[in-house]
There are 2 protein chains.
Amino acid sequence: MKATRNTAAKTAVLEVFEKSKTALSHTEIHKQLNDLCDRVTIYRILDRLINEDVIHKISNLDGTVKYAKCNHAHQRVHIHNHAHFSCENCHEITCLENVKPSYIMPHNYKVNEINFTLSGLCPNCLNSNI
Amino acid sequence: MKATRNTAAKTAVLEVFEKSKTALSHTEIHKQLNDLCDRVTIYRILDRLINEDVIHKISNLDGTVKYAKCNHAHQRVHIHNHAHFSCENCHEITCLENVKPSYIMPHNYKVNEINFTLSGLCPNCLNSNI
DNA sequence: TTATCAATTGCAACATTGTTGCGTTTAATT
DNA sequence: AATTAAACGCAACAATGTTGCAATTGATAA
């Protein structure tokens with residue numbers, strides 16, 4: 001495994017994640033960093049953070065991709081088997097750490113990873129719609 | 001609701017879906033149609049078919065988007081709550097019509113749609129890996 | 001059958017998202 | 001302080017998806 005370094009850009013990206021309660025797209029991160037570093041650099045930092053298991057990638061029903069900090073609190077071996085909620089109104093994506101699907105697979109499949117995304121209205125938008 | 005028409009391009013796209021056992025990307029459809037129609041037209045046909053509930057959209061963990069025919073056999077009200085399997089080796093996506101997750105949501109969320117994708121090795125690739 | 005008209009298409013142009021190569025800079029180590 | 005590989009910026013490119021508009025065409029009614 002290659003050694004990874006702590007650079008100004010990487011630290012800044014981590015701070016953005018720290019501040020955010022919801023998952024972020026590459027574009028959202030880029031805007032928040034305000035040209036502190038190049039667009040390409042952010043892609044590379046995101047790749048590295050995924051490899052380091054610091055963040056995880058979420059792909060939404062509409063094809064958009066977002067990233068969120070991992071919550072390692074209770075797991076040694078880290079599997080992202082929690083659900084995500086994607087609001088159709090405000091387009092925010094949040095992790096539902098406690099929602100875990102149960103399911104029965106046919107044998108002869110080997111499951112390595114699961115992606116469980118629910119979409120609809122989040123509590124905020126549900127309230128303001130009444 | 002607008003009236004929709006049966007055009008040569010739409011019919012051709014439907015035939016491609018009919019022949020395929022797995023979900024298809026826009027690019028895959030485009031190649032199979034062999035310049036029968038424009039790239040943009042395919043995007044528009046896919047949009048229409050989704051609105052008509054003839055196909056559904058599947059977005060994969062890696063951010064790729066595919067489409068598959070809906071199987072309406074048993075449902076009046078059509079909800080795509082079945083799972084999809086995405087093979088990490090051959091990148092084929094198949095519908096697992098019978099795999100339905102059960103889960104418990106926090107109240108104050110309104111769930112309209114779910115996207116449940118499992119990835120790993122499909123039966124084909126699992127066998128050839130032994 | 002023909003006229004009508006909105007749905008559909010093709011084309012061109014553009015926007016967004018993600019990738020790659022390469023020379024330069026920089027963090028961590030000796 | 002010297003070393004060196006990781007990380008960076010820049011430029012160029014590829015893939016994917018969108019929009020506007022004029023031309024075409026499928027479905028309907030006359």
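A residue counts as buried here when its relative accessible area is under 20%. By that yardstick Thr117(B), at 2% relative accessibility, is buried. The model is a predicted one, and Thr117(B) makes a handy way into it, sitting in strand 5 of chain B. Its side chain is joined to that of Asn115(B) by a polar contact of 3.3 Å. Setting aside residues up to four places away in sequence, Thr117(B) touches residues of both protein chains: Glu113(A), Ile114(A) and Asn115(A) on one hand, and Ile58(B), Ser59(B), Asn60(B), His84(B) and Ser86(B) on the other.

Next comes the nonpolar core. The largest one has 24 residues, and Leu118(A) and Leu118(B) are the members that touch the most others. Two or more residues apiece come from strand 3 (83–87) and strand 5 (110–121) of chain A, and likewise from strand 3 (83–87) and strand 5 (110–121) of chain B. Leu118(B) has contacts in both chains once neighbours within four places in sequence are left out. From chain A these are Tyr103(A), Met105(A), Val111(A), Glu113(A) and Ile114(A); from chain B they are Ala83(B), His84(B), Phe85(B), Ser86(B) and Leu96(B). Glu113(A) and Ile114(A) thus turn up in the list for Leu118(B) and again in the one for Thr117(B).

Val99(B) is found in the loop that runs between strand 4 (93–96) and strand 5 of chain B. Loop or not, Val99(B) is buried, as its relative accessible area is 4%. Twelve residues along the chain from Val99(B) is Val111(B), and the two C-alpha atoms are 19 Å apart.

Moving on to the helices, helix 2 of chain B spans residues 26–33, with His26(B), Ile29(B) and Leu33(B) buried. These three lie on the same side of the helix, because they cover an arc of only 65° around its axis. The spacing fits the usual geometry: an α-helix has 3.6 residues a turn, so residues three or four places apart point the same way. What do the buried residues of helix 2 of chain B pack against? Their partners are helix 1 (8–19), helix 3 (39–51) and strand 2 (65–69), again of chain B. Just after helix 2 of chain B comes Asn34(B), with a positive phi near 55°. Over in chain A, Glu15(A) belongs to helix 1 (residues 8–19) and is partly exposed, at 45% relative accessibility. Its C-alpha atom is 9.8 Å from that of Leu33(A), 18 residues away along the chain.

The rest of the picture is about DNA. Around DNA strand C there are 23 residues, of which Arg5(B), Thr7(B), Thr41(B), Arg44(B) and Arg48(B) come nearest. Helix 3 of chain B gives the largest share of this surface, five residues. At least two residues each come from helix 2 (26–33) and helix 3 (39–51) of chain A, as well as from helix 3 of chain B. By class, the surface near DNA strand C is made up of nine nonpolar, six polar and eight charged residues. Of the atoms of DNA strand C within 4 Å of the protein, 59% are in sugar or phosphate, the rest being in bases. Individual contacts reach both kinds of atom. A side-chain N or O atom of Thr41(B) is 2.4 Å from a phosphate oxygen of DNA strand C, and a polar backbone atom of Asn6(A) is 3.2 Å from a phosphate oxygen of that strand. A base oxygen of DNA strand C, meanwhile, lies 3.2 Å from a polar side-chain atom of Arg5(A).

DNA strand D also has 23 residues around it, and here the nearest are Arg5(A), Thr41(A), Arg44(A), Arg48(A) and Arg5(B). Of its atoms that come within 4 Å of the protein, sugar and phosphate account for 58%. Helix 3 of chain A gives the most to this surface, with five residues. Helix 3 of chain A, helix 2 of chain B and helix 3 of chain B each supply at least two. The surface near DNA strand D holds nine nonpolar, six polar and eight charged residues. Among the contacts from chain B, the side chain of Thr27(B) puts an N or O atom 2.9 Å from a phosphate oxygen of DNA strand D. A polar side-chain atom of Tyr43(B) is also 2.9 Å from a phosphate oxygen of DNA strand D. Arg39(B) goes to a base instead, with a side-chain N or O atom 2.9 Å from a base oxygen of DNA strand D.

Key
Residues are numbered from 1 along each chain as its sequence is written. Chains are lettered from A and ligands numbered from 1 in the order in which they are written. This is a predicted model: local features need pLDDT of at least 70, side-chain atom pairs count only at pLDDT 80 or more; totals for chains, interfaces and linings use all residues. Side-chain values use heavy atoms; hydrogens and water are left out. Buried means under 20% relative accessible area, exposed over 50%, partly exposed in between (1.4 Å probe, protein chains only). Helices (H or I, at least four residues) and strands (E, at least two) are DSSP runs, numbered from the N terminus. The arc is that of the directions from the helix axis to the C-beta atoms. Contact means heavy atoms within 4.5 Å. A residue is near a molecule or strand if one of its heavy atoms lies within 4 Å of it. A polar contact is a pair of N or O atoms within 3.5 Å; within protein, one must be able to donate a hydrogen and the other to accept it, and residues adjacent in sequence count only if both atoms are side-chain atoms. Ala, Val, Leu, Ile, Met, Phe, Trp, Tyr, Cys and Pro count as nonpolar, Asp, Glu, Lys and Arg as charged, and the others, Gly among them, as polar. A nonpolar core is a set of buried Ala, Val, Leu, Ile, Met, Phe, Trp, Tyr and Cys residues joined through side-chain atoms within 4.5 Å.
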